[in-house]
Amino acid sequence: MINTYNESNLHEKLKTIFALEFGGKCEEKVEGTKFIADVLLEDGSAIEIQTGNVSALKEKIEYFLSNKKKIKVVKPIIIEKQIEMLGTDGNEVLYRKKSPKKETAYSALRGLTGIFDKLTDENFTLVLLNVRCTEQRQKTDEKVQLMNKSRRHLKNWIPLGKKLESIEEKTILKTNDDYKKLIPKSIPQKFTHKELRSEIEKEHGKESGKWEGILVWLLLKMQILREAEKRGREKQFEFSVPKADSD
């Protein structure tokens, strides 16, 4: 099994960018704890770059919030990815192609379920950062598994990492109103799962629509949505406060 995969370029580049922007220091130990902050600011607050599941940072997030310290999590959303395949020697570029996969803000929702009760804490901020990147891969002579055994089917290449090409825009999620904006304005006052998915797909595409169920679950847990009376056998949902507040 082989695992040379790391996202050092993407992670390191973003870490450096945010450290420079906010005047922080990279890879600093948080005094009196086991934690290492990606970026630690002078006031003791932290910035974490999380390319994976945001809930994986739950313990660190809980530490900062319980001590009334600010923590900002930056989650890259890869809206465009180029795949660069290298030969077995790691030098020759065999080809370069655009990946059909595209992430959206909705893609990150699954990674928030473990910290739903922290999302609107006054000291927590989630930044969804739209980026374009290049993922480098290297051919192998045989089909291989990775160390984390994440492959369902063996492949004859290994991932080397992602390189940041550009930052396009960012979405800041901090308050109830910020999360309400994930519900399209076109949705009626009371709506079903099917209606919500349809409206999300109209505005953001099918890739976003498939996360509709998790969005509803999350907003119910956050008490931003509540269940309304059923329409026949279909569940309906509505905002816990008048919908106009989310516009």
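Select E195 and R231 in this predicted model: their side chains form a salt bridge, with an N-to-O distance of 2.7 Å. Colouring by secondary structure shows that the pair connects distant parts of the chain, since E195 belongs to helix α4 and R231 to strand β8 (residues 225–231), 36 residues away. Both partners are partly exposed: E195 has a relative accessibility of 25%, and R231 has a relative accessible area of 35%.

Next, display E80, K98, R132 and E168 together. Salt bridges with shared partners join these four residues into one network. Across the whole structure, a search finds 21 salt bridges.

Move now to K15 and E27. Their closest N and O atoms lie 2.8 Å apart in a salt bridge. This pair also links distant parts of the chain, with K15 in helix α1 (residues 8–22) and E27 in strand β1 (residues 25–29), twelve residues apart. Is each partner buried or exposed, or partly exposed? K15 counts as buried because its relative accessibility is 3%, under the 20% cut-off. E27, at a relative accessible area of 42%, is partly exposed.

For a bridge inside one helix, select K180 and D177, whose side chains meet at 3.4 Å, N to O. Both residues lie in helix α3 (residues 176–180), and their spacing of three residues is about one turn of the helix. K180 is buried, with a relative accessible area of 6%, whereas D177 is partly exposed at 34% relative accessibility.

Leave the charged pairs and turn to the interior. In soluble globular proteins, nonpolar side chains tend to be buried together. Here the largest nonpolar core contains 42 residues. Which residues have the most contacts inside this core? Select F124, L126, Y179 and L215 to see them. To follow the core through the fold, highlight the elements that each supply at least two of its residues: strands β2 (36–40), β4 (71–86), β6 (124–144) and β9 (234–239), together with helices α2 (58–66), α4 (193–204) and α6 (212–221). Helix α4 is thus met again here, having already supplied E195 to the bridge with R231.

Centre the view on L126 and show its surroundings. Leaving aside residues up to four places away in sequence, L126 touches V54, V73, K75, L112, T171, I172, L173 and Y179. Y179 is also among the residues with the most contacts inside the core.

Finally, select L10, F18, V39 and L164. These residues are included in a second, separate core of 15 residues.

Definitions and conventions:
Residues numbered from 1 in each chain as written. Predicted model: local features only at pLDDT ≥ 70, side-chain atom pairs only at ≥ 80, totals over all residues. Heavy atoms only, no water. Core = buried A, V, L, I, M, F, W, Y, C linked by side-chain atoms within 4.5 Å. Buried < 20%, exposed > 50% of the residue type's maximum accessible area, 1.4 Å probe, protein only. Helix = DSSP H or I, 4+ residues; strand = E, 2+ residues; numbered from the N terminus. Contact = heavy atoms within 4.5 Å.
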